[in-house]
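Thanks for making time this morning. I would like to walk through one structure with you, and I will keep to a few local features.

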Amino acid sequence: QDIETFRKNAKEMVDFMCDYYKTVGDHSTLSRVQPGYLAPLLPKKAPEDPESFESILADVQQHIIPGVTHWQSPNFFAFFPSNNSFPSLLGDMLSGMINCIGFNWMTSPACTELEMIAMDWLAKLVGLPDAYLNTSGVGGGVIQMSASDASVVAMIAARQRKLRQVKTEMEAQGKGDEFNEQDVIKRMVFYGSDEAHSCHKKGAMVLKLNFKTVAADDSYAVKGATLKKAIETDVAAGLLPTFFVGTIGSTSTGATDHLSEIGPVCRDTGVWLHVDAAWAGSAFVCPEHRELMRGMVDETTGEVYVDSYDFNPHKWLLVNFDCSAMWLKERADLVDALSIMPAYLRNKASASGSVIDYRDWQVPLGRRFRSLKLWFVMRSFGAKGLREHITKCVNLTRYFETLVTADDRFELIVPRTLALACFRIKPSVLSAHPGLDVNAVNKQIADGVNESSNFLITASEVKGKPEVADPATGKVAMVYFLRVTIGGWSEEENVRGVWDVIRGQADKVLAELR
Ligand code: PLP
């Protein structure tokens, strides 16, 4: 390995990256390759002799880029944005350079300490309570790989807390000898809305925990009373309600559970409240959007109801994947559940109890120096720049909303949330075609956009409102709809462009019906 060759190649790589970003909007956002496209294009085994950087980069251009779906394209309106930024890329290069495996403090003190500081900065930036700060010594923030990981970790902490509580109660009743961890875990119940992200159910599957779905209301949000009823029913059946995951900004429609009702229910029943704001959480750099967080904290007493909270700066805060920011109100149960100290990990700093060992806050041992990119982003944009970024995305979505509502063939299926618009062709547009499935027509439009243009959008499905239930069967039909969510790279012309394509597809599909 030769440093001067690296210096030269790295400069070429940066040129390659800059050229990519300059032209990424010119390509189809969705990769058009077919499954299995790559194997016939590459050798069957690794080369015996070293190959040049130039030949590898040529293959990247020729074979890899065609198989890339361009999440950083200004024409990407699908799923949720996962935007990076140049400061973030630079921070991540540095992380690659240092390449420490920062599982405990002594493996790279800066890796732990910068994460503690960056997470405290971020907590303040998005208006979270002081109880979550690392400086509190009780709560604290940690960077996980994904919201899914944060959910698993939150469930582990909730399970540990419930075990501790049950054990203490049994000991107080003189029944300590009867305490059996597995029996208690079997009685635990973990809840989430039917609109919560599937990662929570998956987390419970991984941990072999009993996960129950709580029905969302007509606005796709869970009410406190619904959760309370589910908890009471389970308590009456001898079960142990343990955990509820609430969502701010659900994946399908951007719905937010009724947190001000849910917080007191969870507190009064000893249920751990985890809040997943994976996408929407970035918006809280702007105080005007913090209305969505209402209910996390009791406004009169200041009591924090949410035991753990997570959002993904790697979605909408210009930090490249992976960076999922998680905070806990009390770190003790998590550390207690995940702490294990074989001889080779023992060290003076850990033994002193004066440092955080982040390996005890996550499932894997090893961890990357992820706070660097977050720190670079917060410093390079400043709070002001991050607010401008969110405001721009929200304003562009407002603009998109005006385009949708100005076309009387379309309707929003729920009010816009931040930078997410959910809409469809109205059923009434098809009134001349009785029996025609409005969902199929909307699907045809969504597929048409993605197959025929450079733009990428997603579609989803939710339960229809009760008033559209079939009078004969009482069954509520599913509503299929189109979603456009706007991230940091898009400009007005891209938004106008995707709308023109959607409208054009609608013209085409409706004309074919005539
Ligand atoms: N939670 C919500 C609300 C999401 O929208 C998503 C992904 O879009 C996730 C969780 C999963 O995120 P991750 O990929 O970070 O696990």
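I will begin with one annotated lysine, go on to the ligand shell, and finish with a pair of helices.

Please keep in mind throughout that what you see is a predicted model. The UniProt record, in an unreviewed entry, lists Lys315 under "modified residue: N6-(pyridoxal phosphate)lysine", and in the model Lys315 sits in helix α10, which covers residues 313–316. Is Lys315 buried or exposed? Lys315 has 26 C-beta neighbours inside 10 Å, and because a residue needs 20 or more to be called buried, Lys315 counts as buried. If we set aside the neighbours within four places in sequence, the contacts of Lys315 are Phe80, Pro81 and Ser82, together with Ala278, Trp279 and Ser282.

Ala278 comes up again when we turn to the ligand, since Ala278 is among the closest residues there, along with Ser146, Ala147, Ser148 and His197. In total, 14 residues surround the ligand, and by class this shell consists of 8 polar residues, 5 nonpolar and 1 charged.

Now to the helices. Helix α3, residues 86–98, packs with helix α13, residues 371–406, at an angle of about 145 degrees and with the two axes 7 Å apart, and the crossing is right-handed. On the α3 side the contact is made by Pro87, Ser88, Leu90, Gly91, Asp92, Leu94 and Ser95, while α13 contributes Leu372, Lys373, Trp375, Phe376, Val377 and Ser380. Sorted by class, the residues of this contact are 7 nonpolar, 4 polar and 2 charged.

Methods: Residues numbered from 1 in each chain as written. Predicted model: local features only at pLDDT ≥ 70, side-chain atom pairs only at ≥ 80, totals over all residues. Axes fitted to C-alpha atoms, helices over the stretch in contact; angles between N-to-C directions. Helix = DSSP H or I, 4+ residues; strand = E, 2+ residues; numbered from the N terminus. Left-handed = near helix turned anticlockwise from the far one by under 90°. Contact = placed C-beta atoms within 7 Å. Nonpolar A, V, L, I, M, F, W, Y, C, P; charged D, E, K, R; others polar. UniProt positions renumbered as here; feature names shortened; annotations may be inferred. Buried ≥ 20, exposed ≤ 12 C-beta atoms within 10 Å, placed from the backbone. Near = placed C-beta within 6 Å.
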